[in-house]
Amino acid sequence: VALQLHMNTATMTALMAAYEAVDPIAVIIRPEALASFDAGQWAGTGLVSSFEWAGDADGEWDVSMQIDGDNGFSYTAPA
């Protein structure tokens, strides 16, 4: 799974911990709702295999990361 994210410092701290993990971590990807449409979610476990980041002028972060799932990711449609 390849992700492009924009986040605050508190979330960045959690992602750094995931990047440094040596055992697979639980991953839940839940895109924000788009207007009144929910995008559902993907869930699984995996390891972060690449992680690049850059800070911006507002003290927030732009992140690109790759998570390699060890058993694939399952999709749950919106309710």
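**A first look around the pocket, the helix and the loops**

Reader: What kinds of residues line the largest pocket: how many are nonpolar, polar and charged?
Author: This is a predicted model, so keep that in mind throughout. Sorted by kind, the residues of the lining of the largest pocket come out as 15 nonpolar, one polar and two charged.

Reader: What volume does the largest pocket have, and which residues are closest to its centre?
Author: The volume comes to about 350 Å³. The lining counts 18 residues, and the closest to the pocket's centre are L3, L5, L15, I28 and I29.

Reader: Which element gives the largest share of that lining?
Author: Start with the volume again, about 350 Å³ for the largest pocket. Two or more lining residues come from each of β1 (2–7), α1 (9–20), β2 (25–29) and β4 (61–69). The largest share is five residues, and the element that supplies them is β2.

Reader: Let's step back to the whole protein. In what order do the elements run from the N terminus on?
Author: The protein has one helix and five strands. Its C-alpha atoms fill a box of roughly 35 × 35 × 15 Å along the principal axes. Starting at the N terminus, the order reads β-α-β-β-β-β.

Reader: What percentage of the residues is buried?
Author: Buried here means under 20% relative accessible area. Out of the 79 residues in the protein, the buried ones make up 19%.

Reader: Among contacts between residues at least 6 apart in sequence, what share joins residues at least 24 apart?
Author: One pair of residues makes a handy picture of separation: A21 and V48 are 27 residues apart in sequence, yet 8.0 Å apart in space, C-alpha to C-alpha. Over the protein, the share of those contacts that join residues at least 24 apart is 55%.

Reader: How far does α1 reach from its first C-alpha to its last?
Author: α1 has twelve residues, and at 1.5 Å a residue you would expect 16 Å. The span in the model is close to that, at 17 Å.

Reader: Why do the buried residues of α1 line one face, and within what arc do they fall?
Author: The buried residues of α1 are M12, L15 and A18. Looking down the helix axis, these buried residues line one face because they fall within an arc of 115 degrees.

Reader: What do the buried residues of α1 pack against, and which residues are exposed on the other side?
Author: The buried residues pack against β1, β2, β3 (41–55) and β4. Turn to the other side of α1, and the exposed residues there are A10, T13 and E20.

Reader: Is A21 buried, exposed or partly exposed?
Author: A21 sits in the loop between α1 and β2. Its relative accessible area is 26%. Buried needs under 20% and exposed needs over 50%, so A21 counts as partly exposed.

Reader: Which residues does P31 contact, beyond its neighbours within four places in sequence?
Author: P31 is in the loop between β2 and β3, and its relative accessible area of 32% makes it partly exposed. Its C-alpha is 7.0 Å from that of Q41, ten residues along the chain. Leaving those sequence neighbours aside, P31 is in contact with A39, G40 and W42.

Reader: And which residues does G44 contact, again leaving aside its neighbours within four places in sequence?
Author: G44 lies in strand β3. From C-alpha to C-alpha, G44 and I25 are 8.5 Å apart, with their positions 19 residues apart in sequence. I25 is one of the residues that G44 contacts, and the full list is I25, A26, V27, G72 and F73.

How values were computed. Residues are numbered from 1 along each chain as its sequence is written. This is a predicted model: local features need pLDDT of at least 70, side-chain atom pairs count only at pLDDT 80 or more; totals for chains, interfaces and linings use all residues. Side-chain values use heavy atoms; hydrogens and water are left out. On a 1 Å grid over the protein atoms alone, a cavity is a set of points where a 1.4 Å probe fits but cannot get out, and a pocket is an open set with protein on both sides within 12 Å along at least five of seven lines; lining residues have an atom within 4 Å of a point. Grid points are joined across faces, edges and corners, and a volume is the space filled by probe spheres set on the points. Helices (H or I, at least four residues) and strands (E, at least two) are DSSP runs, numbered from the N terminus. Ala, Val, Leu, Ile, Met, Phe, Trp, Tyr, Cys and Pro count as nonpolar, Asp, Glu, Lys and Arg as charged, and the others, Gly among them, as polar. The expected span of a helix is 1.5 Å times one less than its number of residues. Buried means under 20% relative accessible area, exposed over 50%, partly exposed in between (1.4 Å probe, protein chains only). The arc is that of the directions from the helix axis to the C-beta atoms. Contact means heavy atoms within 4.5 Å.
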